[in-house]
Amino acid sequence: MSAALDSLLDLLDLEQIDRDIFRGTSRSAVVPRVFGGQVAAQALVAAGRTVPADRSAHSLHAYFLRPGDPGAPIVYSVDRIRDGKSFTTRRVVAVQHGQPIFHLSASFQTYEEGLEHQADMPASPDPETLPTAAEMLPRYADRFSDPGMVDRLIEARAAVDLRYVDAPPFGTVGEAREPRSQVWFRTNGKLADDPLLHVCMATYVSDMTLLDSVLLAHGRGGWAVGDVVGASLDHAMWFHRPFRADEWLLYDQESPSASGGRGLGQARIHTADGRLAITVIQEGVVRVPRG
């Protein structure tokens, strides 16, 4: 296991300070606020720790309310909304400095047999043939005004092996492309056999690139380049089938719409053997800076 992954696992191992109250810390991010994927994953950890072990997360719906302060702890308060025969529902509020910064509702279900069908996995190259972040990012160093940006991006992704199928938005600045992108990802090391951990890790990664397709449609490079400003507004995920976040997952993303200073991203995550594991939808603020 890499040191970066070990550090991320420590981040997700929340401190329990009361029956339904947990506390987490933050790590540095590319932008001067708490990374949205981190707070979403931590909130799901908090919810999952109040649920019987035989119930797995099948969906989450969340809103990002305020920017998080990476220098302050985050307190997660869990509300046990419902414990039914098959489904368990939890609501989590993340608080900093006396104010809510994030709200999540999550549902968990006992395993049962049912009807089966799924969308086909799209074509994509073998992830082992694609460059790693450490190999790819230095190629675009001249796109960033901040000379330390490449190192910060590599550090931010050190726990996860994330590989772009095509050039990222900052690789084709000024060139409008189809609003679609693909990345392969897996953790940089093996994880324990805990289904909640794998779901939380996928939740963490899901916020890294989902709005890329919005940027591609307009030839924008993104927040690191500085030709847009933005932040996640809401996030929803549906977990369809078991998967491991330490094995290759294909994140196939597209944007059906952008308007009103907002952009919508939607995606499917498939396992390497073609099973549809997760559906993700997110809307974010995407604004062009005023000169």
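Student: OK, so contact means heavy atoms within 4.5 Å. Which residues in helix 2 meet helix 5?

Tutor: One thing up front: this is a predicted model. In helix 2 you have Gly36, Gly37, Gln38, Ala40, Ala41, Leu44, Val45 and Gly48. They meet Leu196, Val199, Cys200, Thr203, Tyr204 and Asp207 in helix 5.

Student: What kinds of residues make up that contact of helix 2 with helix 5?

Tutor: It's a mix: eight are nonpolar, five polar and one charged.

Student: And how do those two helices pack, at what angle?

Tutor: Helix 2, residues 36-48, packs against helix 5 at about 160°, and their axes are 7 Å apart. Angles over 145 degrees count as roughly antiparallel, so that's what we call helix 2 and helix 5. The crossing of helix 2 past helix 5 is right-handed.

Student: Is helix 5 mostly covered or uncovered?

Tutor: Mostly covered. Helix 5 runs over residues 195-209, and 13 of its 15 residues are buried.

Student: What caps its N-terminal end?

Tutor: Asp194 does that for helix 5. A side-chain oxygen of Asp194 lies 3.1 Å from the backbone nitrogen of Leu196.

Student: How do helix 1 and helix 5 cross?

Tutor: Helix 1 is residues 3-12, and its axis comes within 12 Å of the axis of helix 5, crossing at roughly 105°. That angle is between 65 and 115 degrees, so helix 1 and helix 5 are roughly perpendicular. Leu5, Leu8, Leu9 and Leu12 in helix 1 meet Leu197, Met201 and Tyr204 in helix 5. Those contact residues split into seven nonpolar, no polar and no charged.

Student: New topic! Is Arg90 buried or exposed?

Tutor: Buried, because its relative accessibility is 1% and the cut-off for buried is under 20%. You'll find Arg90 in strand 5.

Student: Which side chain does Arg90 touch through a polar contact?

Tutor: The side chain of Thr50, at 2.8 Å. You can also check Arg90 against Ala236: they're 146 residues apart along the chain, while their C-alpha atoms are separated by 15 Å.

Student: Last one. What's the phi of His97?

Tutor: Positive, about 50°, even though His97 isn't a glycine. Most residues other than glycine have a negative phi.

Student: Huh. Where does His97 lie?

Tutor: In the loop between strand 5 (87-96) and strand 6 (99-110).

Student: And why does His97 count as exposed?

Tutor: Because its relative accessibility is 61%, and exposed means over 50%.

How values were computed: Residues numbered from 1 in each chain as written. Predicted model: local features only at pLDDT ≥ 70, side-chain atom pairs only at ≥ 80, totals over all residues. Heavy atoms only, no water. Helix = DSSP H or I, 4+ residues; strand = E, 2+ residues; numbered from the N terminus. Buried < 20%, exposed > 50% of the residue type's maximum accessible area, 1.4 Å probe, protein only. Polar contact = N/O pair within 3.5 Å; in protein donor to acceptor, adjacent residues only side chain to side chain. Axes fitted to C-alpha atoms, helices over the stretch in contact; angles between N-to-C directions. Parallel < 35°, antiparallel > 145°, perpendicular 65-115°, else oblique. Left-handed = near helix turned anticlockwise from the far one by under 90°. Nonpolar A, V, L, I, M, F, W, Y, C, P; charged D, E, K, R; others polar.
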